[in-house]
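Reader: Could you take a close look at one part of this model for me, the place where two helices pack, and then tell me how it sits in the rest of the chain? I'd like the odd backbone spots as well.

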Amino acid sequence: MAYPNKEEREICYKARDDFWKCVEDNDGDKSKCKKLRSIYESKCSKSWVKHFDKRVEFLNYKKQMAAGYDPITQEPLKPET
Amino acid sequence: MVKQEVKALSGKAAIGGPWSLVDFNGELKTSKDFHGKWILVYFGFTHCPDICPEELEKIAEVVDEIDDNPNVPNLTPLFITVDPDRDTIGAMKEYLKEFSQKVIGFTGTSDQIDNVCKAFRVYYSKGPLDEDGDYIVDHTIITYLVGPDGNFVQYYGQNVEAPEFTKSVIEKMKTYKPHYDK
């Protein structure tokens, strides 16, 4: 399978950013961004989507840790996806 | 203080070293072919989602800055794949063309890639195959500066931006003392 070229990469990044901006604008409610999600999944390969999603989750986790979340005493964080 | 210095020197000797790979024109090359030149060595793969393209753009910017500077020697950027199964010489050539005409792509057998990664202490690991048979290769994101004697000089992480990177390379070039005793 061929790798995505520069143009394809940029289209994928934009679809990714549009989706995650929608999620952010809707306070994390992904059900309001279904259309953008399907565009995102059609413009980026499955392995890239997985990679990007994991990174967003990790960054969220880091943010919550920085905000004082304690994994020992508090309820587990709900996964973002 | 003295202890620290010794540590830095021994670390220097251990990174890099001789390698042999196939360049994107299909020619077998070794580290010796680059003796006499300042080189940047970066590891990545053409199916890389976002980090490799960002790093390659940064490297292209640094190299152009250095090459335009009349007071320092030119810099040759090398891109070595950590995904030799998919990154054929043709794929490497097409891929790198989009970043810079100066970057030389390298691939090789799994053993050749293993060896050069070990020499530069680059970790890489192929991720699980997804439904499309596609995968991502997790790898160390470090760019290495190697001097004309073939010895490692400095490394740059992902967090180092192009201006700071360029400044450091210029400084290293200006204060460079070769060690040809190897």
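Author: Let's start with a yardstick: a residue is called buried if 20 or more other C-beta atoms lie within 10 Å of its own, exposed if 12 or fewer, and partly exposed in between. Keep in mind that this is a predicted model.

With that yardstick, take Arg121(B): it has 13 C-beta neighbours inside 10 Å, so it counts as partly exposed. You'll find Arg121(B) in the loop that runs between α4 (110–119) and β6 (124–126) of chain B. Its phi is near 55 degrees, which is positive even though the residue is something other than glycine. For background, most residues other than glycine have a negative phi. Chain A has a case to look at too: Asp27(A), not a glycine either, has a positive phi of about 50 degrees. Asp27(A) sits in the loop between α1 (6–25) and α2 (34–43) of chain A. With 7 other C-beta atoms within 10 Å, Asp27(A) is exposed.

Now for the helix pair. In chain B, α2 (residues 51–68) and α5 (residues 162–174) have axes that come within 9 Å and cross at roughly 45 degrees. That angle makes α2(B) oblique to α5(B). The crossing of α2(B) past α5(B) is right-handed. Who does the touching? On the α2(B) side it's Lys58(B), Glu61(B), Val62(B), Glu65(B) and Ile66(B), and on the α5(B) side Ala162(B), Phe165(B), Thr166(B) and Val169(B). Sorted by class, this contact has 5 nonpolar, 1 polar and 3 charged residues.

Stepping back to the whole of chain B, there are 5 helices and 9 strands. Along the sequence they come in the order α-β-β-β-α-β-α-β-α-β-β-β-β-α. Contacts in chain B reach a long way along the sequence: of those with a separation of 6 or more, 68% join residues 24 or more positions apart. As for burial, 35% of the 182 residues of chain B count as buried.

What about overall dimensions? The C-alpha atoms of chain B fill a box of roughly 55 × 35 × 30 Å along the principal axes. A compact globule with 182 residues would have a radius of gyration near 16 Å, and chain B agrees, with 16 Å.

Last, the partner chain. The contact between the two takes 14 residues from chain B and 12 residues from chain A. On the chain B side that touches chain A, the classes are 6 nonpolar, 3 polar and 5 charged residues.

Conventions:
Residues numbered from 1 in each chain as written. Chains lettered and ligands numbered in written order. Predicted model: local features only at pLDDT ≥ 70, side-chain atom pairs only at ≥ 80, totals over all residues. Axes fitted to C-alpha atoms, helices over the stretch in contact; angles between N-to-C directions. Helix = DSSP H or I, 4+ residues; strand = E, 2+ residues; numbered from the N terminus. Parallel < 35°, antiparallel > 145°, perpendicular 65-115°, else oblique. Left-handed = near helix turned anticlockwise from the far one by under 90°. Contact = placed C-beta atoms within 7 Å. Nonpolar A, V, L, I, M, F, W, Y, C, P; charged D, E, K, R; others polar. Rg over C-alpha atoms; globule rule 2.2 N^0.38 Å.
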